[in-house]
Amino acid sequence: MAASWLKISCLLCVFGFLRELRPSESYHAEIIMGEWYNVTPDQVIRQVYPIGTYSYLALLFIVFLITDFLRYKPLIIANALAGIICWGLLIWIKSLLGMQIAEVFYGFYQAAEVAYYTYIYAKVDKQYYPRVTSHTRAAMFVGKLVASSLAQLMIGMEWMNFKELLYITVSCQVLALFWAFGLPKVESSLYFHQKPKLRVESTTASQPIETNAAEVEATKGTTAQGQETPQSSGNNVHTLWSHFHNAYTNPIALQWSLWYAVGLAGYLQITNYMQVLWKSFDDEPEIVWNGAVDAAFTALAALSSLLAGYLHVGRLKSRTSLLSLAFLSVLEGGCVLLSTWTSTVYMSYLGYVLFGGLYGFSITVASAELASCLLEDSFALIFGINTFLALIIQSLLTLVVVSETGNLNLTTPEQFTVYAYYLIGIGVLYFTGFMIQIVWKLARKSSNSNKINLN
């Protein structure tokens, strides 16, 4: 069994690695704001980028349910296919409409990532969940690191121009597509295709019991009859509702879900538009160092995530975690201000890399705290819902701060100032919540002491 789960994990990790080999991502703004397209930089910011955000939001929850219903593999294949179409379009089109269509496919590409993360949970036993989760995350980190390093090498050595990086990206998505066809099929899923249970009649008891197939094998000697009990659609809906209700009526789970959503929304918005900010600096270097910066960003985020995982296991209490995230959120806002208010792009690079390290630590702590409050089978659903909430918040930020609909007409540095204060505000809010908890605890302790004295 150990060899089986490890084999499946390795197969999926190869797909994740190939999927992340997108060197053009480090220079996305340089590409779509370059000479190859008949659009202005302002059109890209206000009419192209927002389409990807809105598409991601519109498709995520639907894709999540379809992923479970279709048993993961078809959506993994569709994910790679969407990547081929998205970056293939950017190679051949030049118009604003073509770029907007490419952004729709990019939205689906991001939404279908959920299939990659949840496929493994339907293929291995629960005891291996922590290991396979770390494997799949690590594969994506390594893929991003290799892609950004490769991009910097190609641009720094002048072996390719920015747009030619798209050919490498599309080629890697084609390889990911072929690899996806070779992934093992999923026979059961978390909700719509659950493993059937067997109703077993015992020779020593008049009451039937339910057990899994493996348990039936272990009790063959005392079993007279076994029948498969199929899962009804009503049971599926009940399971979904049970997992949802259990998570969002738990105050602790709700608290961490909220932090996960608002933190992820800020992260997505900042990483989506950071390259646009760099292009606004007057001292843009002759060699654009986006690839090297992305590599450093990914490496520091991965290291800080590992550090957070090590520190969190039995070392940080929930209240201490909350306080640490409040301070980290304020520091993240400070790093964004450093990236925005500086007069040199190199300091902006530094602020962005530090932001990545802080976010990698904080999101790992938040995820671990949230997971500890959830039913084991509900991880994918709750994290999917929280990501959906994050996209709603991100879409609101885009609508108000970036798009033409908001009518704020903020410059790119002004937009990033808003994002910085958004993160600082989250930190202040959670620090206030922490202090309220402390005061409440002390008040209850004092009240209990008075009652004891009176008695």
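This section covers model confidence, an enclosed helix, aromatic pairs and a nonpolar surface patch.

The structure is a predicted model. Mean pLDDT for the protein chain is 82. A pLDDT of 70 or more is reached by 84% of the residues. Residues 198-230 stand apart in this respect: pLDDT stays under 50 throughout that stretch. For these residues, the model has 37 contacts beyond four places in sequence.

Helix 6 spans residues 113-123. Of its 11 residues, 10 are buried, so the helix is largely enclosed by the rest of the structure. The buried set begins with E113, V114 and A115. It continues through Y116, Y117, T118, Y119, I120, Y121 and A122.

Aromatic contacts were searched over the whole structure, and 19 pairs were found. In one of them, the ring centres of Y267 and F297 lie 6.4 Å apart. Their planes meet at 25°, so this pair is stacked. The pair links distant parts of the chain. Y267 belongs to helix 11 (residues 251-279), whereas F297 belongs to helix 12 (residues 290-312). The two residues are 30 residues apart. Y267 has a relative accessibility of 19% and therefore counts as buried, the cut-off being under 20%. F297 is also buried, with a relative accessible area of 7%.

A further stacked pair is formed by F355 and Y359. Here the ring centres are 6.3 Å apart and the planes lie at 25°. Both residues sit in helix 14 (residues 345-371). They are 4 residues apart, about one turn of the helix. In an α-helix there are 3.6 residues a turn, so residues three or four places apart point the same way. F355 is buried at a relative accessible area of 1%. Y359 is buried at 7%.

These two pairs belong to a wider arrangement. Ring pairs join Y267, F297, F355 and Y359 with W278, Y346, Y349 and Y352 in a cluster.

The surface carries a nonpolar patch of about 470 Å². Its members are L389, I392, L396, L399, V400 and L408. L389 is found in helix 15, which covers residues 379-402. The relative accessibility of L389 is 36%, so this residue counts as partly exposed. That value also exceeds the 30% cut-off for patch membership. By contrast, the aromatic residues F355 and Y359 are buried.

Notes: Residues are numbered from 1 along each chain as its sequence is written. This is a predicted model: local features need pLDDT of at least 70, side-chain atom pairs count only at pLDDT 80 or more; totals for chains, interfaces and linings use all residues. Side-chain values use heavy atoms; hydrogens and water are left out. Patches are made of residues with over 30% relative accessible area and no salt bridge: like charges are joined within 9 Å, nonpolar side chains (Val, Leu, Ile, Met, Phe, Trp, Tyr) within 5 Å. Accessible areas come from the Shrake-Rupley method with a 1.4 Å probe; for residues, only the protein chains shown count as cover. A salt bridge is a side-chain nitrogen of Lys or Arg within 4 Å of a carboxyl oxygen of Asp or Glu. Buried means under 20% relative accessible area, exposed over 50%, partly exposed in between (1.4 Å probe, protein chains only). pLDDT is the predictor's confidence in each residue, from 0 to 100. Contact means heavy atoms within 4.5 Å. Rings of Phe, Tyr and Trp (its six-membered ring) pair if their centres lie within 6.5 Å; planes under 30 degrees apart count as stacked, over 60 as edge-to-face and the rest as tilted.
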